[in-house]
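Okay, thanks for having me, everyone. I'll put the structure up and then walk you through the parts I found worth a look.

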Amino acid sequence: MQEHDILALGLGITAPWRLVEQRLDVSEKPHVLKLRLEADRGAKFPCPVCGRSCKAHDFKEFTWRHLNFFQHHCEITAKVPRTKCPDHGIKRIDVPWAREGSRFTLLFEAVAMTLVREMPVTAAAGFMETTDHRIWRVMAHHVSRAIAGLDLSDLKAFAFDETASKRGHNYVTIFIDLDRTKEPVVFATPGKGKETVAQFKAFLEEHGGKTGNVVEVVCDMSKAFLAAVGENFEDAAVTVDWFHVVQKFTTAVDDVRKAEAKTVKMPNATRWAVLKAKENNLTPEQAEALVELEAGGFLTATAWRIKEKLRWVRGAKTRRAARWRLTHFIRHARQCIGDAPAFESVRKAVETVERHFDRIIQRWTSTHTNARLEALNGLFQAARARARGYSNTETFITMIYLIAAPIGNLLKST
Ligand SMILES: [Zn+2]
């Protein structure tokens with residue numbers, strides 16, 4: 001076996017392609033191992049459309065970056081023919097070592113895709129000694145291909161929520177299949193309005209799903225979302241995720257605190273103390289702040305106590321008990337806040353809960369585990385971190401799919 005043959009074997013090239021030249025270019029830093037491939041003279045090539053064996057019409061030279069050869073970069077150059085097929089005309093053929101349009105070999109892409117599953121993209125790009133931008137393009141290709149092949153014919157229940165690709169702008173709405181415990185994300189799309197639900201419906205139908213099979217939808221209490229679900233999934237029961245109920249009251253407590261802090265001196269550490277759940281690792285300062293708030297008759301303490309009472313509602317074991325507790329909660333909250341203007345935000349939260357009473361209670365009969373949307377938040381954070389330095393709507397969506405969509409071995413699908 002010749003040295004050329006060994007390298008050719010490593011590259012996975014087959015007839016009619018041969019490795020005809022290899023040299024280490026020391027004029028560049030790092031040095032580049034340059035490999036040249038050629039097809040046998042007079043060889044025929046399959047038409048990329050029909051596979052018919054055709055003569056080469058003409059050639060054009062391309063270069064691909066391959067995996068590093070020890071500490072050196074490695075490049076492959078070849079003249080790639082266009083075939084002249086009687087049925088399909090003149091077409092550039094596909095080469096076995098790279099996909100169309102890529103400047104990397106498939107092996108290089110395979111390694112890149114393995115790395116980005118384990119580390120932030122910037123780190124993977126550094127390791128591969130290429131740019132973030134190029135790695136993102138490789139990811140976008142393989143991820144979108146895998147997503148295009150998703151089979152959603154079993155989908156019966158889904159949840160969705162919106163988040164920002166960066167703090168405060170560029171919203172993305174993410175849909176998860178509630179029956180998938182691992183890798184639940186099946187669709188992500190830019191935007192946060194009702195049109196995202198219509199887009200999901202179209203996507204579902206393109207991937208073998210049926211809207212009529214969807215029995216449950218879990219979402220938040222936004223009017224636009226609820227209207228969109230009603231229009232697009234009319235047979236589905238709508239469940240409001242408990243997480244969103246708590247979120248409403250948490251925001252309300254914070255509003256009360258902010259307003260109150262402008263008029264009186266609040267105990268130190270109040271801010272985080274009232275946002276955290278009571279039993280959730282309060283620091284001694286935070287615990288003390290709560291005691292002081294209560295003792296001092298602060299408005300914030302009243303709002304906080306209302307929020308904390310949600311925990312008692314949540315603990316209900318049956319739908320009936322939950323109905324009773326939530327009714328009691330609403331009445332009690334109203335008594336506490338009276339008509340004081342300072343509690344306007346809490347009052348709104350109570351009204352929202354009342355308006356969505358049945359959808360909230362639905363969670364006690366839902367067959368799907370709750371807190372799934374809450375888990376999504378962790379996913380959003382991870383995706384943002386992994387896309388850091390290069391975060392826009394597209395890269396964020398690609399990363400969410402990569403981390404949490406059921407797309408398995410990405411390169412097998414190429
Ligand atoms: Zn053809």
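**Starting from strand β8**

Let's begin with β8: seven of its 10 residues are buried, so this strand is largely enclosed by the rest of the structure. Before I go on, keep in mind that this is a predicted model. The chain has a mean pLDDT of 90, with 95% of its residues at 70 or more. Confidence is lowest in helix α1, residues 3-11, where the mean is 68, and highest in helix α5, residues 195-206, at 97. You know the usual caution: where pLDDT is low, the predicted coordinates should not be read in detail.

Back to β8, then, and what sits around it. The strand belongs to an open sheet of five, ordered β10-β9-β8-β11-β12, with mixed pairing. Which strands stand at the edges? Those are β10 (185-190) and β12 (237-240); each has a single partner strand, so one side of each has no neighbour in the sheet. On average, neighbouring strands here are turned by 25° against each other, if you ignore direction.

Now the pairings, one at a time. As a reminder, strands of a sheet pair through backbone hydrogen bonds, either parallel or antiparallel. On one side, β8 and β9 run antiparallel and are joined by eight bridges. They make a hairpin with two residues between them, and Gly168 in that turn has a positive phi of about 85°. For those of you who like backbone torsions, that's the one to click on. Right by the turn, Lys166 has His169 in β9 as its bridge partner.

On the other side, β8 pairs with β11 in the parallel sense, over three bridges. If you want a single residue to hang this on, take Ala159. Its bridge partner in β9 is Ile176, and its partner in β11 is Val218.

Going outward from there, β9 and β10 are antiparallel, with five bridges joining them. Val172 stands opposite Pro190 of β10 in that pairing. At the other end of the sheet, β11 (residues 216-219) and β12 run parallel over four bridges. One of the pairs there puts Cys219 with Val240 of β12.

What packs on the sheet? Helix α14, residues 372-386, is one such element: it touches β8 (157-166), β9 (169-177) and β11, and its direction makes about 30° with that of β8. Helix α15, residues 393-404, packs on the sheet too, touching β8, β9 and β10, and its direction makes about 175° with that of β10.

Okay, zooming out to domains. The assignment for this chain gives domain 1 as 3-145, domain 2 as 157-241 + 371-413, and domain 3 as 242-364. The centres of domain 1 and domain 2, taken over C-alpha atoms, are 35 Å apart. How many residues are in contact between domain 1 and domain 2? We get 14 from domain 1 against 15 from domain 2. On the domain 1 side, α2 (106-116), α3 (121-128) and α4 (132-148) each supply at least two residues. The largest share of that side comes from α4, with seven residues. By class, the domain 1 side has nine nonpolar, two polar and three charged residues.

Last bit: two individual residues, for contrast. Val353 is in helix α12, residues 344-355. Buried or exposed, then, for Val353? It counts as buried, because it has 21 C-beta neighbours inside 10 Å, and the cut-off for that is 20 or more. Leaving out residues up to four places away in sequence, Val353 touches Val245, Ile330 and Ile360. Phe298, on the other hand, is 55 residues from Val353 in sequence and 24 Å from it in space, C-alpha to C-alpha.

Then there's Gly51, in the loop between β3 (45-46) and β4 (53-54). Gly51 is exposed, because it has 9 other C-beta atoms within 10 Å, where 12 or fewer is the limit. Its C-alpha sits 9.3 Å from that of Cys85, and those two residues are 34 apart along the chain.

That's the tour, and I'm happy to go back to any view.

Key. Residues numbered from 1 in each chain as written. Predicted model: local features only at pLDDT ≥ 70, side-chain atom pairs only at ≥ 80, totals over all residues. Contact = placed C-beta atoms within 7 Å. Domains from an automatic or database assignment. Nonpolar A, V, L, I, M, F, W, Y, C, P; charged D, E, K, R; others polar. Pairing = 2+ DSSP bridges. Axes fitted to C-alpha atoms, helices over the stretch in contact; angles between N-to-C directions. pLDDT = per-residue confidence, 0-100.
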